[in-house]
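Dear colleague,

Please find below the structure that I am handing over to you. My notes on it follow directly after.

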Amino acid sequence: MEAEKGFLLPFLLMIIHFAVSASMDTIAINQTIEDGGFLISKEKNFVLGFFSPGNSNYRYLGIWYYKVREQTVVWVANRNHPINSSSGVLSVNQYGNLVLYSNHNRKVPVWSANFSREVKKTDTCCVAQLLDSGNLILVQERSGRVLWESFDYPTDTQLPGMKLGLNRETGIHQFLTSWRSADDPGTGDYVLELNLKGSPQGILYKGTKRYWRVVPWPRTNYVLNNISFVHNQKETFFTFFPVDASLILRTRLEYSGLVSHLIWHESEAKWKELRSAPKNLCEFYGHCGPYSMCNSLYLYPKFECDCLPGYEPQSPRDWNFLMDGSGGCVRKRKESSSLCNQGEGFVKVTGVKVPDTSEAVWLGLNMSPVDCELQCKRNCTCSAYSSTSISGKETGCLAWYGELTDTVIGIAEGSDIYVRVDALELAEITQKSNGFLEKKHLLAILLVSIVSAWFVIILFAYLWFKKKRKTVRNKWNAKLFNTINDPYYIENEDGGGVSYPEIVYFNLSTILSATDNFSLANKLGQGGFGLVYKGQLSNGQEIAVKRLSKSSGQGIKEFKNEVLLIAKLQHQNLVKILGCCIQGEEPMLVYEYMPNKSLDSFLFDETRRSILDWRKRFDIIVGIARGILYIHQDSRLRIIHRDLKTSNILLDKEMNPKISDFGLARVFKGDQSQEKTEKIAGTFGYMSPEYVAFGEFSTKSDVFSFGVILLEIVTGKKNNSYYQEDSYLNIAGKVS
């Protein structure tokens, strides 16, 4: 049977092709289409006819692509009422209704459009037409008024221009429902709809339970299609349109519960997945329970769940030992939940899929963040707020008045939320982020300072401490910039020196303000050098602050090296340094902020890797190669990076690659081609054999690392992911 169908489908498509000249895109009253006949849209984009899905022998009336060689059904009329033979007949009856009968029973229709709008007697009625959008419409001939359209009654597929939402004037609710199986287009277990409670959001249901939630009001459009969200008194819906009309795109709710965004590749004659969900654990609704956040970038065996600021696990045993976060979190101090106007405040959590907006209310559009905070703070039941742009347009203020559920961090289209915490919690978080003394020490100092008898002693101690701290800071500055005449002079190993262009020196207070006192919510990552934080300057510019801790594996030499090199280098494929801060005992570097983080966060993530199609991967490879060529040949300094790897390739908002982290880099003289070192530094798996074995490095060392990166980009595998029974091989060893 399967072999017969494999032969019949191409044969059927061939018949359709030769019948085009005699085909039509409309049927009028008393005209019919029988099984074996077709409607074909004017530009031959879509076909309406009868089909049997998969291994089924039942017949269904449906719409599929004409130009796609693989029959892909996008709409089914009688999905729950199949015809048990090739006797189906579609017609516009005498009342102007579109009706599907079985020839065996012409009295009871198998399916009908059953429109309820009033038809004027003066109108000539009616014509059914298949449009090039894939929309089957029923119109009055004279007025051209659309009485009914298939786009109002989707099945499992959303086509460009098809709305998912609610028309309040007609009461029509458009949503997707999955097939039962590949052989049965009947209504399945999954429903994708626009939920209108609170702030509208797309929700995927499995039965009656929420299964996955779409990111509300996405701020950026996807690469291949523009997303449109409309919310007014007449209707609320979202739809999409391809940026290029020649692209064949669709969104399908699979019978497995996966929402897939697909594109047709004619050269390969198959559909390719652009993105799909839910796949990651954090994408399943409420995976970590209420008042928690799920880290979508977690790596096993790290636990993916964490509590929102001011909350703790409801069952620490489940979280710590069973790795089960479904119980969620509760306030650390339950009695504080009733406090109001007692010094409470808000803690910022950046880059998140905001909590379920069913429990949220829009306080207003074009409202400033300050006003948004004040509005939320006035209401004691307001648990969080977000001041964010809607579809890249107005900035709105959204406030939550119930449970904070299904918050996810580490997503590409994240927003910022501000979680309400009590005064004690706010003080604790501030202390931790600032690195100040603990509360009991501050209280002790305060009590001692009150006692007048010790006032002179305390004043003396304070002056001595201030002098000591200034001495320490001066020592740091002397180590960092070791010269008298040139404050921008950095000493080389051979005793020579190199001056570099003037860069901005930031005050510590500026850095603290930009990063919310190094708030944990602004933490971007951590390496051997210390921590990296996201920040925002007073002019609105976003920055990344690399903070060199005293316990860091990267010392003063590496810090100086990075300031020198990146300040001298200017190239579109190298990360740009904005300045540094040398106040205090932890020097800091300030870079341009890269919103898409590092290349490895895309390559090795099952969900995000789909964004990197072959065109984009090729562009990234070329960009990295250009950056390496620049530092090796085209810049004023000949530089060997020595630590090239996917985690050191950052991606800007357009996904352009930028090489970062020059802490281990070396400068070569004009005629120098190779150097040797006793201290091997870098990342195993990316280092060339001669460097690992003998400490010899050159431009070829970077080329070797680039080769490993190239293999990772092409294969999507980590360089250390290849194993044999008795040995370990990195990706280069496996390929060789």
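The notes below cover one sheet and the cysteines.

Please bear in mind that this is a predicted model.

The sheet is open and has 4 strands in the order E2-E7-E8-E9, paired antiparallel. Its edges are strand E2 (32–34) and strand E9 (111–112), each of which pairs on one side only. Strand E8 (residues 98–102) runs antiparallel to E9 and is joined to it by 2 bridges. Valine 99 has serine 112, in E9, as its bridge partner.

As to the cysteines, the model contains 5 disulfides, counting sulfur pairs within 2.5 Å. Three of them are described here.

One disulfide connects cysteine 282 with cysteine 294, at 2.0 Å from S to S. Cysteine 282 is in the loop between strand E24 (270–277) and strand E25 (292–295), while cysteine 294 is in strand E25, so the link ties together parts 12 residues apart in sequence. The link is left-handed, with -70° about the S-S bond. Cysteine 282 is buried at 2% relative accessibility, and cysteine 294 is buried at 3%.

Another disulfide joins cysteine 372 to cysteine 397. Cysteine 372 belongs to helix H3 (residues 369–378) and cysteine 397 to strand E32 (residues 395–400), 25 residues apart. This link is right-handed, with 80° about the S-S bond.

Cysteine 376 and cysteine 382 also form a disulfide, with an S to S distance of 1.9 Å. Their link is left-handed, at -100°, and both residues are buried.

Finally, why is cysteine 580 not bonded to cysteine 581? Their sulfurs are 7.5 Å apart, which is too far for a bond. Cysteine 581 is in no disulfide.

With kind regards

Notes. Residues numbered from 1 in each chain as written. Predicted model: local features only at pLDDT ≥ 70, side-chain atom pairs only at ≥ 80, totals over all residues. Heavy atoms only, no water. Pairing = 2+ DSSP bridges. Buried < 20%, exposed > 50% of the residue type's maximum accessible area, 1.4 Å probe, protein only.
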